[in-house]
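User: Could you walk me through this structure? I have not looked at anything like it before, so please go slowly.

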Amino acid sequence: MNRFSGALDRLGRAVLAGVEEMGKIILLFVSVLAWMFRPPFKLHNIFKQMEFVGVKSIFVVVLTGTFTGMVMALQGYHGFRMFSAESLVGGTVALGMTRELGPVLTSLMVTARAGSAMAAELGTMRVTEQIDALYVMAANPVKHLIVPRVIAGVLMVPLLTVVSDFTGILGGYFVGVHILGINSGIFIKNITRLVDLNDIYNGLVKAACFGLILSLIGCYKGFNTYGGAEGVGRATTEAVVLASIAILISDYFLTAIMF
Amino acid sequence: MIKLVDLHKSFGRQKVLDGLDLDIEDGKTTVIIGRSGGGKSVLLKHMIGLLRPERGQILIDGTDITKLNDQALNEIRKKFGMLFQEAALFDSMTVGENVAFPLREHTRMKEKEIRETVADRLRSVGLTGVEEKMPSELSGGMRKRVGLARAIAMRPQIVLFDEPTTGLDPVMAEAINRLIIDTQKNLNLTCVVISHDVRSIFEIGHRIAMLYEGKIIENGTPEELRASQNPVTLQFLAGSIEGPIRIM
Ligand SMILES: Nc1ncnc2c1ncn2[C@@H]1O[C@H](COP(=O)(O)OP(=O)(O)OP(=O)(O)O)[C@@H](O)[C@H]1O
Ligand SMILES: [Mg+2]
């Protein structure tokens, strides 16, 4: 009985802590929105973050996109061959990439690369009192540090998703047509038949949401770091884990709403 | 004038400030001394609104900053400059950009003016031609000097120094002390300096305040402090392990 209530107690605490954290992240989002539209706009900072989140992630995104498309074609081919529907491979690769794997894999890669860096960078600034220094100079850290990162996340993850979708389909095409010998015309025709613009569009909306999630969580964890270098390490790990989970869970709900 | 009235601040169960009262006079240098971990940095952070007390008042020229919203607090903060214990330079920016930061943030100066002002502030802390360096390329002493240049960039009335000489060699420490004395005199600043270094204390302080167990137990001129019979002050100035200050 006692052990049972102890476990219940711990569970209750964990749930409360989770809800509290979510509330704080939402409050941060509100203040990001409030500061985003208040001039002066530091375009220089925004472009710097866009370069970091976007341009510097292209390579990993191309790599994951291509190989995901390739492996989907391979897997799809073996499945569809059982009822002689190999021609559907192109369509399924394209559908899978644009609706699901493009946005999710891209945002997970960006989380690992840029979300973690945001947490580490802001965390270091927190423990070395650089954030206090901003306050002292009457400069708001949300405006200076978090707004540019969130804007970069929301804008760049969809753009990277386009890259991922495209290279994924190319990878699928390469495997399907050149290795497995599917007719190239049929491969492409099935893509256009199965995928409509809405699939791509909805995938990009998802990507924007994921970009928001990963940048907001990265910044939140970094901004609230405590406890020296160890704290920075903890914040970084927590940011990646929490953002990845949040992306996968919100993916389900976004999919349920949109498709 | 900075007036602290009955300040209370705890972290968890640890009471750091316990009914602290302190007046800081305009145009003078007040040095705050006290044991490591005694709450000196915490006290300094209260003066500029980085921490809020549980109870008590912090009056800056008559305005109680504990009750202000962010915007009003920012107006007050423009009177201040602060040198952090580890300088707290923005390490993603060059030295020049660091010193220019408050100018870019709060003035409409042209680029050329900013460049001249930055060079001037750096010169006044004894540095030239370091604008393009990154903070990570500087030594500890240089970082503190850049931090000081940034703190005085906007010509504030009040400058807070958190251990400006700790961790520096004696020559560099002396140079920083000179710098504080000169800037204070030239700009007629109100300076609040935290220090452990007994030699510096008497060199730069017009007034010296001793923080002990969350209260200011002694506050006077250097001469008064030298003549003090308070056992805590005596022990601190002598650097003795015998006395009321417990070593854990
Ligand atoms: N943000 C914080 N959260 C929790 N505890 C804190 C925080 N800031 C300070 N403390 C605690 O308050 C006490 C006083 O810290 P403070 O940094 O003011 O000491 P100090 O007098 O400046 O020491 P030093 O001379 O070593 O810099 C310490 O015990 C510290 O652990
Ligand atoms: Mg300190």
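**A first walk through the model**

Analyst: Chain A has an accessible surface of about 12,800 Å², and 72% of that belongs to carbon and sulfur atoms. Please keep in mind that this is a predicted model.

User: What helices and strands does chain A have?

Analyst: Chain A has nine helices and zero strands, and read along the sequence it follows the pattern α-α-α-α-α-α-α-α-α. Along its principal axes, the C-alpha trace of chain A spans about 65 × 60 × 30 Å.

User: And how much of chain A is buried?

Analyst: Of the 259 residues in chain A, 46% are buried. As for how the chain contacts itself, if you take the contacts in chain A between residues at least 6 apart in sequence, 85% of them join residues at least 24 apart.

User: Can you give me one residue of chain A to look at? I see Thr236(A); where does it lie?

Analyst: Thr236(A) lies in helix α9 of chain A, which covers residues 228–258. Its relative accessible area is 18%, and because buried means under 20%, Thr236(A) counts as buried. Setting aside residues up to four places away in sequence, Thr236(A) touches Ser116(A), Ala119(A) and Ala120(A).

User: Let's change topic to the metal. Which protein atoms are the donors of the magnesium ion?

Analyst: The protein donors of the magnesium ion, which is ligand 2, are OG of Ser41(B) and OE1 of Gln85(B), and they lie 2.0 to 2.5 Å from the ion. This pair links distant parts of the chain, 44 residues apart, with Ser41(B) in helix α1 (residues 40–47) of chain B and Gln85(B) in the loop between β6 (80–83) and α3 (95–106) of chain B.

User: How accessible is Ser41(B), and what about Gln85(B)?

Analyst: Ser41(B) is partly exposed, with a relative accessible area of 21%, and Gln85(B) also counts as partly exposed, at 25% relative accessibility.

User: Now ligand 1, please. How many residues surround it, and which are the closest?

Analyst: Ligand 1 is surrounded by 14 residues, and the closest are Gln14(B), Ser36(B), Gly37(B), Ser41(B) and Glu163(B). Ser41(B) is therefore a name you have already met, as one of the donors of the magnesium ion. Polar side-chain atoms of Gln14(B) and of Ser36(B) each lie 2.7 Å from an oxygen atom of ligand 1, while a polar side-chain atom of Glu163(B) lies 2.8 Å from an oxygen atom of ligand 1. Taken alone, ligand 1 exposes 640 Å², and the protein buries 62% of that.

User: Which element gives the most to that shell around ligand 1?

Analyst: That is α1(B), which gives three residues. The elements that give two or more residues to the shell are β2 (14–24) and α1 of chain B. By type, the residues of the shell divide into three nonpolar, eight polar and three charged.

User: You mentioned α3 of chain B earlier. What do the buried residues of α3(B) pack against?

Analyst: The buried residues of α3(B) include Val95(B), Phe101(B) and Leu103(B). They pack against α5 (130–136) and α6 (141–179) of chain A together with α4 (111–124) and α5 (140–151) of chain B.

User: Where is Lys133(B) found, and what is it in contact with?

Analyst: Lys133(B) is found in the loop between α4 and α5 of chain B, and it is partly exposed, with a relative accessible area of 35%. Leaving aside neighbours within four places in sequence, Lys133(B) is in contact with Thr94(B), Val95(B) and Leu138(B). The C-alpha atoms of Lys133(B) and Val95(B) are separated by 5.8 Å, although the two residues are 38 apart along the chain.

User: Last topic, the backbone. Which peptide bond is cis?

Analyst: The peptide bond from Pro39(A) to Pro40(A) is cis, with omega near 0 degrees, and Pro40(A) lies in the loop between α1 (2–36) and α2 (43–53) of chain A.

User: What about phi of Ser84(A) and of Ala87(B)?

Analyst: Phi of Ser84(A) is near 50 degrees and phi of Ala87(B) is near 75 degrees, each a positive value in a residue other than glycine. Ser84(A) lies in the loop between α3 (58–81) and α4 (89–127) of chain A and is exposed, with a relative accessible area of 62%, whereas Ala87(B), in the loop between β6 and α3 of chain B, counts as buried at 2% relative accessibility.

How values were computed
Residues numbered from 1 in each chain as written. Chains lettered and ligands numbered in written order. Predicted model: local features only at pLDDT ≥ 70, side-chain atom pairs only at ≥ 80, totals over all residues. Heavy atoms only, no water. Donors = N, O, S within 2.8 Å, 3.2 Å for Na, K, Ca; no water. Helix = DSSP H or I, 4+ residues; strand = E, 2+ residues; numbered from the N terminus. Buried < 20%, exposed > 50% of the residue type's maximum accessible area, 1.4 Å probe, protein only. Near = heavy atom within 4 Å. Polar contact = N/O pair within 3.5 Å; in protein donor to acceptor, adjacent residues only side chain to side chain. Areas by Shrake-Rupley, 256 points an atom, 1.4 Å probe, with all protein chains shown as cover. Nonpolar A, V, L, I, M, F, W, Y, C, P; charged D, E, K, R; others polar. Contact = heavy atoms within 4.5 Å.
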